[in-house]
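Visitor: I would like to learn how to read a model like this one. Could you walk me through it?

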Amino acid sequence: MKIRAIGNLLILCATVALSYGMQVSKPHYAELTAPIPIDGAMHDTVRARSFDVRLDKVVFARTLKTNQFGQERLLTTSGLWAVVTADLTATSTSTTVAGGTWQGPTGLRYHHTERLSYRQDMPPHAVDPDLERNGLFVFEVPPDQIRGASLLVAARRFAPLDAQARISLDAVPTGADGQPTDVLPLYDLDAPAPPQGQTQQGQTQQGKT
Amino acid sequence: MFKTARSKFQTWITAGAGTIAALLVAGLMGAFGALPAHAPPQLPSDAAIDAGPWRVQPVRAYVSRAKVYGVPLKPGQKALVLEADMTNRTAQSDKAYFNVFKPDGIDLPDPLPMIALARDSTLTPELHPGMTERMAYVWPLARDAAVPANLSFGVTAEIFKPRDNLYGTPGWFNPYRLGTVAMPVADLPESGS
C-alpha cells in the first residue's frame with residue numbers, strides 16, 4: 001500500500017516536471033510567426049520567396065544631396081548615411097519589396113530612413129520577373145554599428161512567416177577602429193550611376209564635386 | 001531568557017491579532033487606494049531624463065508667432081514650442097514619442113503636438129537607436145491664450161515587458177506620469193522663429 005502511494009507521488013512529480021519543461025521550452029508566438037531568414041553574402045544572389053536580391057555596393061557619406069520638388073536639399077545626420085544599392089528581381093509575379101533594415105552587430109535595427117521624400121529608386125521597389133532593377137536602401141547608422149552588420153530585406157516591413165533575406169555586410173572595408181575606410185563628405189542621390197567596373201573611381205570623383 | 005522572549009512574542013501576537021486582521025482586510029478591500037497619491041516628482045531640466053523608451057533632455061521652450069520648423073499655423077494662432085534632445089533607448093527605429101511631453105495647465109486645441117526634426121524640419125521621422133536628435137514639439141494655441149513665464153511639462157514614460165499578455169512579444173506598455181519638468185518660456189517677437 002505504502003509503495004503504491006509513493007509510486008503515485010513519483011508519477012505526479014514526473015508529470016509536473018514534464019509539463020513545466022514543455023511549457024518553458026515552447027516557442028513563443030513571436031518566434032513562431034517570425035520572418036524566415038535566408039542567409040547570404042554581398043555580391044551573391046539571395047533567393048527569397050517572392051524576390052531575388054543581390055547587394056552590389058554600400059556607400060557611406062556624411063551628407064546626402066537630393067532634389068525635392070525641384071529644390072536641392074542637403075541632409076545631415078548625427079551618424080553616417082549608408083546608401084545600399086541592390087539588384088532586385090521578382091521570382092514569379094510582379095511584386096513590391098518594401099522592407100529594408102540595417103541590423104547592427106548587437107542586433108539593433110535601423111529602419112530605412114523616413115527623411116527622404118518618395119523617389120523612384122527608394123522602397124517600396126516595384127519588381128518584375130526577369131527584369132533586373134536597381135534599388136536603393138538608405139539608412140542612418142552610428143559608426144559603431146557598421147562592422148559585423150547585416151542587411152535584412154523583406155517584401156514588407158512586417159512580414160510574419162515570409163522570407164527575409166539576411167545579407168551579411170562583412171565585405172564592407174572597415175578600419176581598425178570599426179569605422180568604414182571610405183566615407184564621402186557628400187553623396188548626390190541624383191548623380192548618374194558610375195559605369196560598371198569603375199565603382200571606386202566614380203565614388204571618389206563624386207565625393208569631390 | 002528564551003522563555004520570557006517567547007511569552008512576550010505570544011503576548012504581542014495575541015494583542016495585535018485584531019489590528020493585523022483589520023489591516024489585512026482593509027488592504028484587500030482597497031481602502032489604501034483612497035490615500036492621497038504622491039505628487040509626481042520634479043525632474044531636473046538640465047540633465048537627461050530616462051523616460052521609458054526615450055532618453056530626453058529638454059533644451060528650451062518658447063512661444064512663436066511665426067512658422068517654426070515648417071509647421072504651418074492657422075491665422076490667429078501662435079505656437080508653444082519645446083525643443084528637446086531625444087535618444088531612442090530601444091533596439092529598433094521608432095516614432096512613439098507623441099505623448100512624451102505635455103504642457104500642464106494650458107488649454108490645447110489639439111492635445112497631440114506636431115513634432116519636427118530640428119535638423120531639417122522633417123515632420124515626425126523615426127528616431128534610430130542610440131542616435132540623439134533635437135526634436136521640436138509644436139502645440140498650436142489660440143493667439144490670446146496665456147502662457148506662464150515658467151511652465152511645467154508632464155513627462156510620460158512606459159514600462160518594458162519582455163512578453164506582452166496577448167502575443168508574447170516584447171514591447172513598451174502602461175504609460176505613467178514620470179514627473180514634471182519646469183522650463184522658462186521665452187516669448188519670441190513676431191519676426192523671430
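**Reading the model, feature by feature**

Guide: Let us start with a single residue: Ser121(B) is partly exposed, because 14 other C-beta atoms lie within 10 Å. Keep in mind as we go that this is a predicted model.

Visitor: How should I read that neighbour count, and where does Ser121(B) lie?

Guide: A residue is called buried if 20 or more other C-beta atoms lie within 10 Å of its own, exposed if 12 or fewer, and partly exposed in between. Ser121(B) belongs to the loop between strand S6 (114-117) and strand S7 (133-142) of chain B. Its backbone is worth a look too: phi of Ser121(B) is near 60°, a positive value in a residue other than glycine.

Visitor: What is phi of Thr124(B), and where is Thr124(B) found?

Guide: Thr124(B) also has a positive phi without being glycine, here near 40°. You will find Thr124(B) in the loop between S6 and S7 of chain B. Thr124(B) counts as partly exposed because it has 15 C-beta neighbours inside 10 Å.

Visitor: Why does Lys74(B) count as exposed?

Guide: Lys74(B) has 9 C-beta neighbours inside 10 Å, so it counts as exposed. Look for Lys74(B) in the loop between strand S3 (54-64) and strand S4 (77-88) of chain B. Now compare sequence with space: Lys74(B) and Ala5(B) are 69 residues apart in sequence, and their C-alpha atoms are 78 Å apart.

Visitor: What does chain B span along its principal axes?

Guide: The C-alpha trace of chain B spans about 85 × 40 × 30 Å along those axes. Another way to read overall form is the radius of gyration: chain B has 24 Å, whereas a compact globule of 193 residues would have a value near 16 Å. As for burial, 26% of the 193 residues in chain B are buried.

Visitor: How many helices and strands are there in chain B?

Guide: Chain B has one helix and nine strands. Along the sequence the helix comes ahead of the strands, in the pattern α-β-β-β-β-β-β-β-β-β. Contacts tell you about sequence range: of those in chain B with a separation of 6 or more, 73% join residues 24 or more positions apart.

Visitor: Let us turn to strand pairing in chain A. In which sense do S2(A) and S3(A) pair, parallel or antiparallel?

Guide: For any pair, read the direction, the number of bridges and the connection. Strand S2 (residues 45-47) and strand S3 (residues 51-68) of chain A are antiparallel, with three bridges. They form a hairpin with three residues between them, and Thr45(A) stands opposite Arg54(A) in S3(A).

Visitor: How many bridges join S3(A) to S4(A)?

Guide: There are 16 bridges between S3(A) and strand S4 (residues 71-90) of chain A, and the two run antiparallel. To follow the register, take Lys65(A), whose bridge partner in S4(A) is Leu74(A). This pair is also a hairpin, with two residues between the strands, and Phe69(A) in the turn has a positive phi of about 50°.

Visitor: Which strand pairs with S3(A) in the parallel sense?

Guide: One of them is strand S12 (residues 183-184) of chain A, through two bridges, and Ala61(A) stands opposite Leu184(A) there. Strand S13 (residues 187-188) of chain A also runs parallel to S3(A), joined by two bridges. In S13(A), Tyr187(A) is the bridge partner of Leu64(A).

Visitor: Which peptide bond is cis?

Guide: The bond from Pro123(A) to Pro124(A) is cis, with omega near 0°. Pro124(A) lies in the loop between strand S7 (109-111) and strand S8 (125-127) of chain A.

Conventions:
Residues numbered from 1 in each chain as written. Chains lettered and ligands numbered in written order. Predicted model: local features only at pLDDT ≥ 70, side-chain atom pairs only at ≥ 80, totals over all residues. Helix = DSSP H or I, 4+ residues; strand = E, 2+ residues; numbered from the N terminus. Rg over C-alpha atoms; globule rule 2.2 N^0.38 Å. Contact = placed C-beta atoms within 7 Å. Pairing = 2+ DSSP bridges.
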